[in-house]
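Subject: A structure for you to look at

Hi there,

Here is the structure I promised to pass on. Please open it alongside this email, and my notes on what turned up follow below.

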Amino acid sequence: MTRCDKMLIKMEDVQYRYKRNSKGKPAADGINLKIDRGEFVSVIGRNGSGKSTFAKLLNAILIPTKGNIYINGVKTTNEKYIWEIRKTIGMVFQNPDNQIVAATVEEDVAFGPENLGLSREEILKRVKKALKDVGMQSYRQFPVQNLSQGEKQKVAIAGILAMKPECIILDEATSMLDPLSRKEVLTIVERLNKEEGITVIYITHHMEEAVRADRILLFDEGKIQKDGTPEEIFSNVCYMKKAGLDVPEITQLFYELSREGYIKCDKSILTAEEGIKAFKDLLHS
């Protein structure tokens, strides 16, 4: 399987239509996209906008009805490389219980490498590193059923990491977690992106999480309606509301204060840290 120097994913006029909806609108409709190695991309959109279909197309779980998808320069329709593609693009799903297959943490994380036919020494090495990466090394012998949902999701991520993918897709992977667990998972993902250079595609409906990415794709009706930085995407609060989406609470606060004339703010405020700094600057101006 060949590698491009920089580009990892390329989609050309991709369409996908589910058989059960053969006469309705496509779930993916005319998607053109390039994602480079090492990017952190958030994907947002209303329920039914095509986000999960998009993820499954990248992992070759689904094959386009029309158009082409290239992973490392290879078409996902090339059955010869299907397992290489799935090794390259690892997926973490919404419910970790649907992804965990073994009785203990160590056994579950080892499942993927075992199916790659690796040596026992290499499997143990990968399991140890993957569990360390997600902060679960002390849980190696724990029964999976005794873990919390947040801990299970960390194990699911470790299982993907043990297969050494170049890209991880997280499909609403934090939606079933409490706020603390969501923060822990996002911190792990950010570190893997920044320190390990793993490409991340992060599907979420939590806008405070989406702003942590370098780039955001906004989906609606199977199309990418907007593609830009968090600042570019959230600068138009009215558009986001009309699209049926929220904005980060701090963004909404500064938008309302600016609209009512209480403050003058020339840029979108996306995080609490930015909000605190902006308030300090206003007080000293």
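Which residues line the largest cavity? Before the answer, one reminder: this is a predicted model. The lining is made up of I157, I168, L170, V189, L192, I198 and V200. Two elements, β7 (167-171) and α6 (179-196), each give two or more residues to that lining. By residue class, the lining has seven nonpolar residues, with no polar and no charged ones. The volume of this cavity comes to about 40 Å³, and the structure holds one cavity of 30 Å³ or more. As background, rolling a probe the size of a water molecule over the atoms shows where empty space is left.

Next, have a look at strand β9 (residues 215-220). Six of its six residues are buried, so the strand is largely enclosed by the rest of the structure. In a regular strand the side chains alternate between the two faces of the sheet. In β9 both faces are covered: on one side R215, L217 and F219 are buried, and on the other I216, L218 and D220 are buried too. You may want to pause at R215 and D220, since both belong to that buried set.

What does β9 pair with, and in which sense? With strand β3 (residues 40-45), β9 pairs in the parallel sense over five bridges. One of the residues to pick out here is I44, whose bridge partner in β9 is L218. With strand β10 (residues 223-228), β9 runs antiparallel, and five bridges join the two. Here I216 has G228 as its bridge partner in β10. The hairpin of β9 and β10 has two residues between the strands, and E221 takes a positive phi near 55 degrees there.

Last, a single residue: T251, which lies in helix α10 (residues 249-259). Is T251 buried or exposed? Its relative accessibility is 3%, so T251 counts as buried, the cut-off being under 20%. A polar atom of the T251 side chain lies 2.5 Å from the backbone oxygen of I269. I269 also appears among the contacts of T251: leaving aside neighbours within four places in sequence, T251 is in contact with F234, V237, I269 and L270.

Those are the places I would start with: the cavity, the β9 strand and T251. Happy browsing!

Best wishes

Conventions
Residues numbered from 1 in each chain as written. Predicted model: local features only at pLDDT ≥ 70, side-chain atom pairs only at ≥ 80, totals over all residues. Heavy atoms only, no water. 1 Å grid on protein atoms, 1.4 Å probe; cavity = no way out; pocket = protein on both sides within 12 Å on 5 of 7 lines; lining within 4 Å. Points joined across faces, edges and corners; volume = space filled by probe spheres on them. Helix = DSSP H or I, 4+ residues; strand = E, 2+ residues; numbered from the N terminus. Nonpolar A, V, L, I, M, F, W, Y, C, P; charged D, E, K, R; others polar. Buried < 20%, exposed > 50% of the residue type's maximum accessible area, 1.4 Å probe, protein only. Polar contact = N/O pair within 3.5 Å; in protein donor to acceptor, adjacent residues only side chain to side chain. Contact = heavy atoms within 4.5 Å. Pairing = 2+ DSSP bridges.
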